[in-house]
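Trainee: I've got this one open on my screen and I'd like a close look at a single part. Could you take me through the main nonpolar core and whatever is packed around it?

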Amino acid sequence: MRINVLLFGPLAQRLERDSVSVQTPEERPTAAGVLTALEHAEPSLIPLLSACKLAVNHTFAHDQTPINEGDEVAVIGLVSGG
Amino acid sequence: MARVTVSITDGPIDCMSVIAVDPDIDAGAVITFLGVVRRQEQDKTIDGLSYQTYDPMAKRMLHALADEALVLFEVEAVHVEHSRGIVLVGECSFRLMVAGVHRREAIDAVDWFITRMKESAPIWKTPVFLENNDTIREPKSIAFHEMRELKE
């Protein structure tokens, strides 16, 4: 499945863009699978991804959360609000 | 009047504006916390902070935290405001108001909320260094090409 992954904060600054398109080998990947695909697509993000979680439709996902067509997928790294 | 309100607004928050407390709420303590941008950020002198927010998720999470605070601390109302875009030194980027029957639960709820927000709400800040006094404030989140121009 091809998935558009939204990026914010340091991740977006690293790539100088706010999203990246990744291709997973599975037709119905999990959240962990999307992060693995992101590592392959953008190796420069690997040092940052260890502190990241995937959000699906505005909610933090577990590793095994399935990703469906049309889901809004975002990588949330270390946050710094307030 | 809603017991929980959450808003994310462009630029600094007008911390002098009044948050109305529902007169039907039996609140004996109304605690307001203001988050203000400091000049020193991670040992650097800055002119401001640029906040980026993932709006739909940030609003959802801030609302969930406020709902949880109502239950955990048995407070009566929680109002949250956070900035997006540029907020200069001395300006307010975050305002939290908690109303409770007594002060202790309201103060505890404020501290708890801020800790949780800083751990999980999808909001990011980047230091801003102004080139000169004529720099114009961006009305919304700073663009990525502009981020590159910010000096570390």
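**Core, strands and pocket**

Mentor: Let's start at the pocket and work inwards: the residues of its lining, the lining of the largest pocket, split into 11 nonpolar, six polar and four charged. Keep in mind that this is a predicted model. The volume of that pocket comes to about 500 Å³. Of the 21 residues that line the pocket, Pro10(A), Gln13(A), Ser80(A), Gln42(B) and Lys125(B) are the closest to its centre. Helix 1 (9-15) of chain A and strand 8 (123-128) of chain B each put at least two residues into the lining.

Now for the part you asked about. The largest nonpolar core has 30 residues, and the ones with the most contacts inside it are Val78(B), Leu96(B), Val98(B) and Phe113(B). Several elements of chain B feed this core with at least two residues each: strand 1 (4-10), strand 5 (48-53), helix 1 (55-73), strand 6, strand 7 (92-100) and helix 2 (103-120). There's also a second, separate core, with 23 residues, and it includes Leu15(A), Leu45(A), Leu54(A) and Val56(A).

For context, chain B has three helices and eight strands. Reading from the N terminus, its elements go β-β-β-β-β-α-β-β-α-β-α. Of the 152 residues in chain B, 47% are buried. Take the contacts in chain B between residues at least 6 apart in sequence: 77% of them join residues at least 24 apart.

Zoom in on Val78(B). You'll find Val78(B) in strand 6, which covers residues 77-88 of chain B. Its relative accessibility is 1%, so Val78(B) counts as buried. Beyond its neighbours within four places in sequence, Val78(B) is in contact with Arg3(B), Val4(B) and Thr5(B), then Ala66(B), Ala69(B) and Leu70(B), and finally Leu96(B), Met97(B) and Val98(B). If you want a backbone distance to check, the C-alpha atoms of Val78(B) and Ala99(B) are 6.6 Å apart, with the two positions 21 residues apart along the chain.

Val98(B) is another of the residues with the most contacts inside the core. Leaving aside its neighbours within four places in sequence, Val98(B) is in contact with Val78(B), as well as Val75(B) and Ala77(B). The rest of its contacts are Ala29(B), Val30(B) and Ile31(B), along with Ala106(B), Ala109(B) and Val110(B).

Stay on strand 6 of chain B for a moment, since Glu81(B) lies there too. Glu81(B) has a relative accessible area of 16%, and the cut-off for buried is under 20%, so this glutamate counts as buried. Its side chain makes a polar contact with the side chain of Arg95(B), at 2.6 Å. Setting aside residues within four places in sequence, Glu81(B) is in contact with Ser7(B), Ile13(B), Ile19(B), Ser93(B), Phe94(B) and Arg95(B).

Ser93(B) is worth following from there, and its place is in strand 7 of chain B. Ser93(B) is buried as well, at 1% relative accessibility. The side chain of Ser93(B) makes a polar contact with the side chain of Tyr51(B), at 3.0 Å. Not counting residues up to four places away in sequence, Ser93(B) touches Gly82(A) from the other chain, and its chain B contacts include Ile13(B), Gly35(B), Val37(B), Glu81(B), His82(B), Ser83(B) and Val87(B).

Just ahead of strand 6 there's a backbone detail to look at. Glu74(B) lies in the loop between helix 1 and strand 6 of chain B. Glu74(B) isn't a glycine, yet it has a positive phi of about 55°. Most residues other than glycine have a negative phi. Glu74(B) is exposed, with a relative accessible area of 61%.

Chain A has a case of its own: Asn57(A), also not a glycine, has a positive phi of about 50°. Asn57(A) sits in the loop between strand 3 (53-56) and strand 4 (59-60) of chain A. With a relative accessible area of 34%, Asn57(A) is partly exposed.

One last stop in chain A is helix 2, residues 31-41, where Ala31(A), Gly33(A), Val34(A), Leu35(A), Ala37(A) and Leu38(A) are buried. The buried residues of this helix pack against strand 1 (2-6), strand 2 (19-23), helix 3 (46-49), strand 3 and strand 5 (73-76) of chain A.

Conventions:
Residues numbered from 1 in each chain as written. Chains lettered and ligands numbered in written order. Predicted model: local features only at pLDDT ≥ 70, side-chain atom pairs only at ≥ 80, totals over all residues. Heavy atoms only, no water. Helix = DSSP H or I, 4+ residues; strand = E, 2+ residues; numbered from the N terminus. Buried < 20%, exposed > 50% of the residue type's maximum accessible area, 1.4 Å probe, protein only. Contact = heavy atoms within 4.5 Å. Core = buried A, V, L, I, M, F, W, Y, C linked by side-chain atoms within 4.5 Å. 1 Å grid on protein atoms, 1.4 Å probe; cavity = no way out; pocket = protein on both sides within 12 Å on 5 of 7 lines; lining within 4 Å. Points joined across faces, edges and corners; volume = space filled by probe spheres on them. Nonpolar A, V, L, I, M, F, W, Y, C, P; charged D, E, K, R; others polar. Polar contact = N/O pair within 3.5 Å; in protein donor to acceptor, adjacent residues only side chain to side chain.
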